[in-house]
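Colleague: I should like to learn how such a model is read, beginning with a single residue and ending with a pocket. Where shall we start?

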Amino acid sequence: MPPEALDRAAPKPDPADAGTVETETPAKLRQRLLGTFFTGLSWTAAARGLTAIGTAARYVVFVRLLQPFDFGVIASATLICAGLLAATDPVMGQALVQQKDDIEPYLDTLLTTYFVRSLIVGVVLIVFARPLGAFFHLGNAYTVFWAMVPLPILRSVQSPRLLMLYRDLDFHFVTIINVAEVAASLVLGLAAVLYWRDWRGLVFSVLAGAVVRDVMTYWLFPYWPRLRFSLDRAKSMLRFGLWFSFGTLCDFVSKQLDNLVVGHLLGPGALGTYQMAFRAGEMPVAEFTTSAFVVTFPMVARLRDDRRARSRLLWSVTGVVAAVGLAYAGFIFALGDRVVLRLFGPAWVHAVNPLKVLCIYGLLQGFLVIGRSFLSGLGKPEQYVIPAAARALVLAIAIYPLTALHGPTGAAAAGVISIIVALPIMFYLLRQME
């Protein structure tokens, strides 16, 4: 994050006071930076909140028109697509967010790398569509993997200048982009669902949202795409990105291994039900922590030398996560069965028990996300690999037997156990950073 970004956000001193105010005291600097943080958090929280409302509305509408099987089909394709992207993600963009130098010379290399990667992912989806369909028991719906091929390509070609949003903490653009994406996904997706009446409408919904997002990024952050590659600049970004990438991969395994096992053991119907419960269970905390991560990562990088301000920031954000998570868990435990039946209908009643467990999962997951944002902001992304790997290992051991014995509820319980193991490690690492 460049210092000039914060200078633009700060109020300018009156020239008449130039003789009395020469430098900014550490206390005023902390106050200004924290003010910038809360402004950015407000915008990102608004963006995520509107996105959550739009996503929830989309689910409520679509589940009335489709069956759990349809959601299981697209969940299978999304899972594999996301897994391939996570396994091949060099996380170069994160390296540029925390870099203080000009990032303009790096953008062509960044775009080219991600575009080539998306083409490779697309080829894998095409070639392995049939065996993947057999693994998830999709029958003739294996063609969903072909239908999802454009998604990684669309995600790779968004304007790389979007990174300036995070470097400059100018987060009101997040609201515009997210709202446009969700609105297009809901409106165009509804038309597609009404036309096809199966999982193809859901695929169209996702792709329509991605197209609109790409258009918005180029409108707000103009850039002329050029497929040019510099090995030296790629190496420079990879030095930071590889550690972050490995942590992201461990995170993906921790979050998606349960979906993989549920889909394979119980079929697409159970996977669709579990996915619905998972999204509903983690939504409030996940939306807040995603917003907080976007803002705390560059802010902590700015506050590296101010331990007191970092500590205040950490405990403030953690407290909000705890309050939001506990309030939502209490609501679901008290009224979850009635909410599911009213909003989704009797076809989704089996989502109630996993939903209750996944509320606890969402709360604990929020603490890990905040911890990761601090470690990354301090330039220590490799430290996060330790709790992430421990979590993935525990989940890999527990997920199969618990799912086989207790179905989706057992899968949710395995996720909670894995986070309980990782949290003490994260707490220890954060203490070492102080």
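Modeller: This is a predicted model. Let us start with Thr112, which has a relative accessible area of 10% and is therefore buried, as the cut-off for that class is under 20%.

Colleague: Where is the place of Thr112, and which residues does Thr112 touch beyond those up to four places away in sequence?

Modeller: Thr112 belongs to helix α5, which covers residues 107-127. With those sequence neighbours set aside, Thr112 touches Arg226, Leu227, Arg228 and Phe229. The Thr112 side chain also reaches the backbone nitrogen of Arg228, at 2.9 Å.

Colleague: What share of the contacts in the protein chain with a separation of 6 or more comes from residues 24 or more positions apart?

Modeller: Such pairs account for 84% of those contacts. The chain has 16 helices and 0 strands, and 53% of its 434 residues count as buried.

Colleague: How does one read empty space, and how much of it lies in the second largest pocket?

Modeller: Rolling a probe the size of a water molecule over the atoms shows where empty space is left. Here, the second largest pocket holds about 270 Å³.

Colleague: Which residues lie nearest the centre of that pocket, and which helix gives the most to its lining?

Modeller: Of the 16 lining residues, Ala56, Ala280, Tyr328, Leu343 and Phe344 lie nearest the centre. Helix α14 gives the most, with 6 residues; α2, α13 and α14 each supply at least two. By class, the lining has 15 nonpolar residues, 1 charged residue and no polar ones.

How values were computed. Residues numbered from 1 in each chain as written. Predicted model: local features only at pLDDT ≥ 70, side-chain atom pairs only at ≥ 80, totals over all residues. Heavy atoms only, no water. Helix = DSSP H or I, 4+ residues; strand = E, 2+ residues; numbered from the N terminus. Buried < 20%, exposed > 50% of the residue type's maximum accessible area, 1.4 Å probe, protein only. Polar contact = N/O pair within 3.5 Å; in protein donor to acceptor, adjacent residues only side chain to side chain. Contact = heavy atoms within 4.5 Å. 1 Å grid on protein atoms, 1.4 Å probe; cavity = no way out; pocket = protein on both sides within 12 Å on 5 of 7 lines; lining within 4 Å. Points joined across faces, edges and corners; volume = space filled by probe spheres on them. Nonpolar A, V, L, I, M, F, W, Y, C, P; charged D, E, K, R; others polar.
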